[in-house]
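Trainee: Please choose one part of this structure and examine it closely for me. I am new to it, and I would be grateful for an account that explains each term where it is first used.

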Amino acid sequence: MRTSGPPSPGPGAQMPGGEAPVPAAEHHDDGARTLAGLGEAGVLRLIGRELAVVEERRPWPEGSVGIGDDAALLPVSPGGTLVSTDSMAEGHDWLPTWPAGVRTRGFDVGWKAAAQNLSDINAMGGVPTALVMALTGPRRTEAAWIAGVARGLATALLRLGADECRVAGGDLGGADRAGLAVTVLGRPGAHGVLRRTMGEQDLAAVRSEGGAVVHAGSAPGWAAAGLALLLTDRAELEERWHALAPQDRPGPRELVRAVRAQLRPRPPLGAGPAGAGALACGMDVSDGLGRDADRLAAANGVQLWADEAWVAEAAAPLRRLGRLLDIAPEEWVLGGGEDYGLLAVLRPGHGVPPGFRVIGAVPSSGRVPAGHRLLGEAGWDHFA
Ligand SMILES: Nc1ncnc2c1ncn2[C@@H]1O[C@H](COP(=O)(O)OP(=O)(O)OP(=O)(O)O)[C@@H](O)[C@H]1O
Ligand SMILES: Cc1ncc(C[n+]2csc(CCOP(=O)(O)O)c2C)c(N)n1
Ligand SMILES: [Mg+2]
């Protein structure tokens, strides 16, 4: 860390911390450094080598067909198959180099694409079983960047606890800017699927007795703080950091934690299937706690309120980052997206499942809960 300025991640900075990728596949000399130089077959070989870490640990069950044919053939999941898709686009979901000077590595993009897809299966109380990825980009894209995408995706599968998830294939295509679209499949967990809408009995009980809002996963707000940090010009960050009183300056741990939360989110996989039996309804938080709570509320004709004490507790560790960027940290907690936590309403009469905590209340009809604020609207909209 330099002593003369903020300990912000520098240009092309490696993401510090314990997220060492699974050892990279050995890099043979492909004789080319770009997609154009490698050609489709070469790129596929490169990706295949990076995905081998998953294949080796999770061989396909007898009778299945993995990568290599026109389509994969997967075993049937008892209880049905969950499916969801989520794409990322350069310029909209990440910047190659952020104003703060950090470069987004292929690894980060692959990791995040996997994480946000796995999160949707988790949010349904399910267990991810397979995914496919469509990778597009310009001819000049560096082969090493593409290999990083595959490595990041494979590493996320291994590190996030998606123990049953395999890569079933994908597609390559040309585009003016890089993009990655992932489709994930899953099986319902032991307690069935968790929906955004409550069953009739749960809804009647929540309406008459009230209910608890619960949350699982990494602390809301950190990914948004990371985004704000990354989007601030490096010189401005340094200036702002120097202008702060020493006790208000965020240290390297806070800066790295925020950037890391944005680039490599960690959805609480397992919390969904484990908690589904005790939850009346739920969804993952991708667009912001307020906006997603509002969706959950609207789906059920109820209101979700956040406990002020919880909001203050969640905002406290973001205080210095907030000072640096001149933002009230509560705004990140309530309006920040991309944390991929799980937001749910507890079924009346059930205990809080492991990994969840109570963060608010669903008041019985017409009541206003003391010490709470209404969760609403704040959040991300791609087209706003
Ligand atoms: N282009 C589309 N065509 C058809 N259905 C769509 C399309 N985009 C979204 N949907 C559906 O609309 C519903 C709400 O989508 P939304 O993006 O809010 O939730 P989501 O899939 O959980 O996304 P995320 O978790 O990434 O925010 C989902 O059931 C989704 O499948
Ligand atoms: C360059 C850049 N600009 C803005 C953002 C913020 N952002 C993008 S998508 C999203 C919500 C989740 O999307 P989805 O609902 O598609 O899963 C948010 C908060 C970013 N990450 N990078
Ligand atoms: Mg979702």
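**A covered strand and its surroundings**

Mentor: Buried residues make up 48% of the 384 residues in the chain; a residue is buried if 20 or more other C-beta atoms lie within 10 Å of its own, exposed if 12 or fewer, and partly exposed in between, with C-beta atoms placed from the backbone. The model is a predicted one, in which local features need pLDDT of at least 70 and side-chain atom pairs count only at pLDDT 80 or more, while totals for chains, interfaces and linings use all residues. Residues are numbered from 1 along each chain as its sequence is written, and chains are lettered from A and ligands numbered from 1 in the order in which they are written.

The secondary structure comes to 12 helices and 10 strands, where helices (H or I, at least four residues) and strands (E, at least two) are DSSP runs numbered from the N terminus. The part I have chosen is strand β8, residues 342-346, in which five of five residues are buried. Which residues cover its two faces? L342, A344 and L346 lie on one side, L343 and V345 lie on the other, and all of them are buried. In a regular strand the side chains alternate between the two faces of the sheet.

β8 has antiparallel partners, two strands being paired if DSSP finds at least two bridges between them. With strand β5 (residues 211-216), β8 forms four bridges in the antiparallel sense, and H215 stands opposite L343. Strand β6 (residues 279-284) is joined to β8 by five bridges, and these two strands also run antiparallel; here G282 stands opposite A344.

Two residues help to extend the picture beyond these strands. V358 lies in strand β9 (residues 356-362), and its C-alpha atom is separated by 6.5 Å from that of H215, although the two are 143 residues apart along the chain. V358 is partly exposed, with 13 other C-beta atoms within 10 Å. Leaving aside neighbours within four places in sequence, V358 is in contact with A212, V213, V214 and V352, contact meaning that the C-beta atoms of two residues, placed from the backbone, lie within 7 Å. D202, by contrast, belongs to helix α4 (residues 200-209) and is buried, with 21 other C-beta atoms within 10 Å. Not counting residues up to four places away in sequence, D202 touches A280, R347 and P348.

V345 of β8 also leads to the largest nonpolar core, which has 104 residues; among its members, I146, L153, L229 and V345 touch the most others. Such a core is a set of buried Ala, Val, Leu, Ile, Met, Phe, Trp, Tyr and Cys residues joined through C-beta atoms within 7 Å. Helix α3 (residues 143-159) supplies the largest share of this core, 10 residues. At least three core residues come from each of domain 1 (35-188) and domain 2 (200-374), bounds that come from an automatic or database domain assignment. In soluble globular proteins, nonpolar side chains tend to be buried together.

L229, named above, is one of the buried residues of helix α5. Nine of the nine residues of α5 (residues 222-230) are buried, so this helix is largely enclosed by the rest of the structure. Its buried residues pack against α7 (252-263), α11 (319-325) and α12 (329-335). L229 itself touches A100, L255, A258, V259, L321 and L325, not counting residues up to four places away in sequence.

β6 ends at residue 284, and D284 is one of the residues around ligand 1, together with S84, D86, Q116, D120, S286 and D287. A residue is near a molecule or strand if its C-beta atom, placed from the backbone, lies within 6 Å of it. By class, this shell holds no nonpolar, three polar and four charged residues; Ala, Val, Leu, Ile, Met, Phe, Trp, Tyr, Cys and Pro count as nonpolar, Asp, Glu, Lys and Arg as charged, and the others, Gly among them, as polar. Domain 1 and domain 2 both give residues to the shell, so ligand 1 lies between them. The two domain centres, taken over C-alpha atoms, are separated by 27 Å, and 23 residues of domain 1 are in contact with 26 residues of domain 2.
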